[in-house]
Amino acid sequence: MAVEEIDPVSGRETTGHEWNGITELDTPVPRGVLIFLIVTHVFAVLWWFLMPTWPLGTTYTHGLLDTDQHKMVAERLVEANAARAPWVEAIEKKNYDEIQADPKLMKIVQETGHRLFGDNCAACHGRDGRGGSNYPDLADHDWIWGGGPETIAQTISVGVNSAHADSRVSQMPAFGRDEMLDPVQLNNVAVYVHSLSNPDDATPENVDTIDAGRQVFLTTCAACHGENAKGNADVGAPNLTDKYWIYGGDIETIVATIHGGRQGHMPTWGKRLSSTDIKILALYVHSLGVENP
Amino acid sequence: MVAQLTSSERQYCAVILILMVIVGVAMAALGKSDPLGVHGVIVIVYSGVLLYLVLSAFYGPEPQEDRQASYYDDPIKVGIALSMAWAVFGMFMGVWVASQLAWPNLAFDAAWSTFGRLRPTHTTGVIFGFGGNALIATSFHVVQRTSRARLAGQISPWFVLFGFNLFCLLAVSGYLIGVTQSKEYAEAEWYADLWLVIVWVVYFILYIRTLARRKEPHIYVANWYYLAFILVVAILHIVNNLAIPVSWGHAKSYTIWAGVQDAMVQWWYGHNAVAFFLTSGFLGMLYYYLPVRAGRPIFSYRLSILSFWGITFFYIWVGSHHLHYTALPHWVQNLGMTFSVMLLVPSWASAGNALLTLNGAWHKVRDDATLRFMFVAAVFYGLATFEGSFLAIRPVNSLSHYTDWTIGHVHAGALGWVALITFGSLYTLVPALWKRPAMYSATLVEVHFWLALAGTLIYVFAMWNSGIIQGLMWRTYTEDGTLTYSFVDTLVAMYPYYIARAFGGLLFLLGAIVACYNIWMTARGAPAAAVVGDGPAQSGVAPAPAE
């Protein structure tokens, strides 16, 4: 039964209905609500007139501004490319030495290279290019395939052990697993390799092992790593005499590397990045080593 | 539970459960080399346990009293317990996935615990498990009290409740074993979706029939919202999940929608799941428990009408704002955007109606943490709906889309609005339902309030910061016209906010655990004096108010 009552707090009448103790006031819709309702509707209707909005069978209302998101994107891409054109052309035309001699261009290389490196290379080589377990450090001056900008650009383009026809190819054979070396030889050569970067290893007890290991090295490893173990960039054989290691320079890891072999992999970027991007990246990666003495 | 049923009703229950076991056996047999088989076993075990419960009380004494003289509250009690259990599960999963974003090793190198599988267990756990059970339980309570009629069925309330929870279980267990149809908030596969359709239609019929039995001349506002929730969710669920299974023996299916139409249908569903599941249903809660707790009349019936029809009409148009700047035609985006803007005022009218209802009861808001839950929920509702309309504007969306701002927005709504209104409602409902004078501990309600509020604020502020920083970093150019930041730079910037977000979520989870304890102890406590008049209207007896 509808029995209107007056709410003592607000002085308003109720609607006269009651549900398990709940009542409702008959308050009119506040003026502010109506005003804002009108404002939002006016905005919407204006937008309908100006922009594409309503479907009309197989087409739609195009709006007075006659705009479209595809058109807008295309225009802005043209503008952005035009704004970048001067330096993009300069980088395309100039050779590496000329670019490196131009501080303005090198500033752009640094900025753009940082972004390209972060989005494409950092997943393996780290944000700072310092590599990580199983991935080469690019800032350590120690280059497997050579560290000049042209060489780096080539590595980026074709990859290492990749599907590219001109891919750089290298493989460290599994000397232990494939029984090319017996366990004693393997241990000796590992101790020798370890001693190359750790002169303190050459104690009187170790001298014989190291000598035996050197003999194994000269007959088995020197073909790629060189007689002096300084590596060979032509075949991607790393320098074994310095403090930089891809897989680790402790004796256990060296034994594991000689036993099971190694074959790193780097994808080919030639089709994913433009030649300008690769040029910028090569200069950027080259500069990583320069900045870290 | 079973003691309240007559022997013929027990027979019906047994038949339904035996049919479910048979379906489970068929699923297990047809899909024995497929995840479908695992789900067959789950259906068998689930139905089997319920069948055991029915059969073990099968020959017990029949109910003697006139059941029509009392409200049917048992399914509500079980619904509350299930809701809280899902809350703890779903929020724990949320804290886990949030922590994975800060510390990826927390996936422990297993397939089932990767982010992609755990994340939907969080969303399904909290939205459907926690929210859905709370909606079912409170809707059963509200429709009876505001209609002064008992639920129109003895078995169907149980069918709705346990059927819905079977759906949730199939969904969540499926994600862990790799079953998904890759539609956000609709990840469950075809057989679970079909099952939910059956459950939902029964829910709709039960609700309509109970309303038809009402002894009040008018249908109270809360029921409009609950009914909109039930009806529209049914439509959304069916349309978005239209799919062809690979075979009867495979869990995998393919949607009948293709390309950009699929995206549009998905976000029409996705946004209206927010609208009709997470808004309409919970507004139904707000419209009942807030005035009851505040002891105040609703501020304006006219405002209720304006906001109900505004929300119901405008929401259904706005899904395309999830697809701004995509392959979706520009005109569809604009249409969704303008309707999103027009939606703002009806949304704010609801929030305003709730807050103005508290006029004359502000001292209670200050003193009573339960009412404060509902007050803060209304504030967050206003905030989240403003933010939603704002983010739907295309140029704003170009900054916010795909960033953590979206996550912050969703959680302002999900934690601040949906969860807080639920906790406020449950703290009002639980003592009334178990006929206790009050919650076991008012202090623990207070503790829960501050944990929940602190958790929400930490979460939302962390994601606002993270999202806006992320969006700005993505679009920052150097003066030479190249992007300043790589993607990984933005991850580094977001790292501290991810830790803060996980911490905020943890506080919220702790609050829910406190609530579980408090509700459990209340249910176990000593009953208060019987409430006079808390029963359906009897013929010839004038309805009397409950309190």
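Chain A is far from the dimensions of a compact globule: for 293 residues such a globule would have a radius of gyration near 19 Å, but chain A has 35 Å. This is a predicted model, and the C-alpha atoms of chain A in it fill a box of roughly 110 × 60 × 40 Å along the principal axes. In secondary structure, chain A comes to 10 helices and two strands. Read from the N terminus, the order of elements is α-β-β-α-α-α-α-α-α-α-α-α, so to speak a helix, then the pair of strands, then helices to the end. Confidence in chain A averages a pLDDT of 94, with 98% of the residues scoring at least 70. Among the elements of chain A, helix 1 (residues 31-50) has the highest mean pLDDT, at 97, while helix 10 (residues 275-291) has the lowest, at 90.

Chain B tells another story. Its radius of gyration is 24 Å, close to the 24 Å that the globule rule gives for 547 residues, so chain B is as compact as a globular protein of that length. The box filled by the C-alpha atoms of chain B is roughly 85 × 65 × 40 Å, again taken along the principal axes. Chain B has 16 helices and two strands. The mean pLDDT of chain B is 95, and 98% of its residues reach 70 or more. One stretch to treat with care is residues 540-547 of chain B, where pLDDT stays under 50. For that stretch, the model has 13 contacts beyond four places in sequence. As for the model overall, it scores ipTM 0.90 and pTM 0.93.

Where the two chains come together, 42 residues of chain B are in contact with 47 residues of chain A. On the chain B side, the elements giving two or more residues are helix 4 (115-147), helix 8 (259-294), helix 9 (301-315), helix 10 (330-357) and helix 16 (487-524). Helix 10 of chain B gives the most, with 10 residues. By character, the residues on this side of chain B divide into 23 nonpolar, 13 polar and six charged.

Two of these interface helices of chain B, helix 9 and helix 10, also pack against each other, at an angle of about 145° and with their axes 8 Å apart. The crossing of helix 9 of chain B with helix 10 of chain B is left-handed. On the helix 9 side, the residues that meet helix 10 include Leu303(B), Leu306(B), Gly310(B), Ile311(B) and Phe314(B). Among those in helix 10 of chain B are Phe339(B), Met342(B), Val345(B), Pro346(B) and Asn353(B). The contact divides into 11 nonpolar and six polar residues, with no charged ones.

A second helix pair of chain B is formed by helix 12 (residues 369-391) and helix 14 (residues 404-433), which pack at an angle of about 155° with their axes 8 Å apart. Angles over 145 degrees count as roughly antiparallel, and helix 12 of chain B and helix 14 of chain B are therefore roughly antiparallel to each other. Their crossing is left-handed. Helix 12 of chain B brings residues including Phe373(B), Met374(B), Phe380(B), Tyr381(B), Glu387(B) and Leu391(B) to the contact, and helix 14 of chain B meets them with a set that includes His409(B), Gly413(B), Gly416(B), Trp417(B), Phe423(B) and Tyr427(B). Taken together, the residues of this contact divide into 15 nonpolar, seven polar and one charged.

Conventions
Residues are numbered from 1 along each chain as its sequence is written. Chains are lettered from A and ligands numbered from 1 in the order in which they are written. This is a predicted model: local features need pLDDT of at least 70, side-chain atom pairs count only at pLDDT 80 or more; totals for chains, interfaces and linings use all residues. pLDDT is the predictor's confidence in each residue, from 0 to 100. Helices (H or I, at least four residues) and strands (E, at least two) are DSSP runs, numbered from the N terminus. Axes are lines fitted to C-alpha atoms, for helices over the stretch in contact, and angles run from 0 to 180 degrees between N-to-C directions. Angles under 35 degrees count as roughly parallel, over 145 as roughly antiparallel, 65 to 115 as roughly perpendicular and the rest as oblique. A crossing is left-handed if the near helix is turned anticlockwise from the far one by less than a right angle, and right-handed if clockwise. Two residues are in contact if their C-beta atoms, placed from the backbone, lie within 7 Å. Ala, Val, Leu, Ile, Met, Phe, Trp, Tyr, Cys and Pro count as nonpolar, Asp, Glu, Lys and Arg as charged, and the others, Gly among them, as polar. The radius of gyration is taken over C-alpha atoms; the globule rule is 2.2 Å times the number of residues to the power 0.38.
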